[in-house]
Amino acid sequence: MTDHDVVEARQAEKLLGDLRQALLRLHKTLLDWERGGYERIHGRQSSNDLLNALLNDPQFAWLRPISQLIVRIDELLSEKTPPMRNDVDAVVSQVKTLTSPNAEGNIYERRYDTVLQEHPDAVFAHRDVLGLLKEERAAK
């Protein structure tokens, strides 16, 4: 592995780690917002009940792509070898897709658009993720 490869691998790991943290904050914000709506209908939920709803209730299904992306990043970061550039590019592409609100789009895009309209904390978390994408684009 050349010095350039080592630097690139470190940059990729840092980017993935930073994206993971930003996505965790975003996910928590989205989950808190969805939980509020869920509890208005179903009443206060225990942690176990909320986890069950998150995994099984259709109201939370739109959050699963971001959950799965965080798991994918965890897998890439836990591998013994540095992540491949195409894996990092695929993660970045998926992050871009999952942070693209669209009032006329698919269910995820519509829910994401709604949460950004209704929940200021989501706007800040969204901004943080986009900032990392902008830094990544500038570094290329």
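Visitor: In this predicted model, is R44 buried or exposed?
Guide: The structure above is a predicted model, and what follows is computed from its atoms. The cut-off for exposed is over 50% relative accessible area. R44 has a relative accessibility of 69%, and because this value is over that cut-off, R44 counts as exposed.

Visitor: Which residue forms a salt bridge with R44, its closest N and O atoms being 3.3 Å from those of its partner?
Guide: The whole structure holds 11 salt bridges, and one of them involves R44. The partner counts as buried because its relative accessibility is 15%, whereas R44 itself is exposed at 69%. With the closest N and O atoms 3.3 Å apart, the residue that forms this salt bridge with R44 is E39.

Visitor: Where does R72 lie, the residue that forms a salt bridge with E75?
Guide: The closest N and O atoms of E75 and R72 are 3.6 Å apart. E75 counts as partly exposed at 41% relative accessibility, and R72 is partly exposed as well, with a relative accessible area of 32%. An α-helix has 3.6 residues a turn, so residues three or four places apart point the same way. R72 and E75 are 3 residues apart, about one turn, and both lie in helix α3.

Visitor: How many residues apart in the chain are E136 and R85, which form a salt bridge?
Guide: In this salt bridge the closest N and O atoms of E136 and R85 are 3.2 Å apart. The pair links distant parts of the chain, with E136 in helix α6 and R85 in helix α4 (residues 85–98), and their separation is 51 residues.

Visitor: Which of these two partners, E136 or R85, is buried?
Guide: R85 has a relative accessible area of 30%, so R85 is partly exposed. The other partner has a relative accessible area of 9%, and because buried means under 20%, the buried residue is E136.

Visitor: Which residue joins E39 and R44 in a network of salt bridges that share partners?
Guide: E39 and R44 form a salt bridge with each other. Salt bridges that share partners bring one further residue into one network with E39 and R44, and that residue is R35.

Visitor: What is the geometry of the ring pair formed by W33 and W62?
Guide: The structure holds 4 aromatic pairs. In the pair of W33 and W62 the ring centres are 6.3 Å apart and the planes stand at 85 degrees, and because planes over 60 degrees apart count in this way, the pair is edge-to-face.

Visitor: Where in the chain is W62, the ring partner of W33?
Guide: W33 belongs to helix α1 (residues 3–42), and W62 is 29 residues away from it in the chain, so that the pair links distant parts. Both residues are buried, and ring pairs link them with Y108 and Y112 into a cluster. W62 itself lies in the loop between α2 (47–56) and α3 (64–78).

Visitor: Over what arc around the axis of α2 do L50, A53 and L54 lie?
Guide: L50, A53 and L54 are the residues of α2 to consider here, and they are buried. Their directions put them on the same side of α2, because the arc that they cover around the axis is only 100 degrees.

Visitor: Which residues are exposed on the other side of α2?
Guide: The buried residues L50, A53 and L54 take up one side of this helix. On the other side of α2, the exposed residues are N48, L55 and N56.

Visitor: Which element gives the most residues to the largest nonpolar core?
Guide: The core has 36 residues, and L19, L23 and L30 have the most contacts inside it. The elements that give two or more residues to this core are α1, α2, α3, α4, α5 (107–118) and α6. With 11 residues, the element that gives the most is α1.

Visitor: At what distance from the side chain of R110 does the backbone oxygen of G105 lie?
Guide: R110 is found in helix α5 and is partly exposed, with a relative accessible area of 36%. Leaving aside neighbours within four places in sequence, R110 is in contact with N102, A103, E104 and G105. From a polar atom of the R110 side chain, the backbone oxygen of G105 lies at 2.7 Å.

Methods. Residues are numbered from 1 along each chain as its sequence is written. This is a predicted model: local features need pLDDT of at least 70, side-chain atom pairs count only at pLDDT 80 or more; totals for chains, interfaces and linings use all residues. Side-chain values use heavy atoms; hydrogens and water are left out. Rings of Phe, Tyr and Trp (its six-membered ring) pair if their centres lie within 6.5 Å; planes under 30 degrees apart count as stacked, over 60 as edge-to-face and the rest as tilted. Helices (H or I, at least four residues) and strands (E, at least two) are DSSP runs, numbered from the N terminus. Buried means under 20% relative accessible area, exposed over 50%, partly exposed in between (1.4 Å probe, protein chains only). The arc is that of the directions from the helix axis to the C-beta atoms. A salt bridge is a side-chain nitrogen of Lys or Arg within 4 Å of a carboxyl oxygen of Asp or Glu. A nonpolar core is a set of buried Ala, Val, Leu, Ile, Met, Phe, Trp, Tyr and Cys residues joined through side-chain atoms within 4.5 Å. Contact means heavy atoms within 4.5 Å. A polar contact is a pair of N or O atoms within 3.5 Å; within protein, one must be able to donate a hydrogen and the other to accept it, and residues adjacent in sequence count only if both atoms are side-chain atoms.
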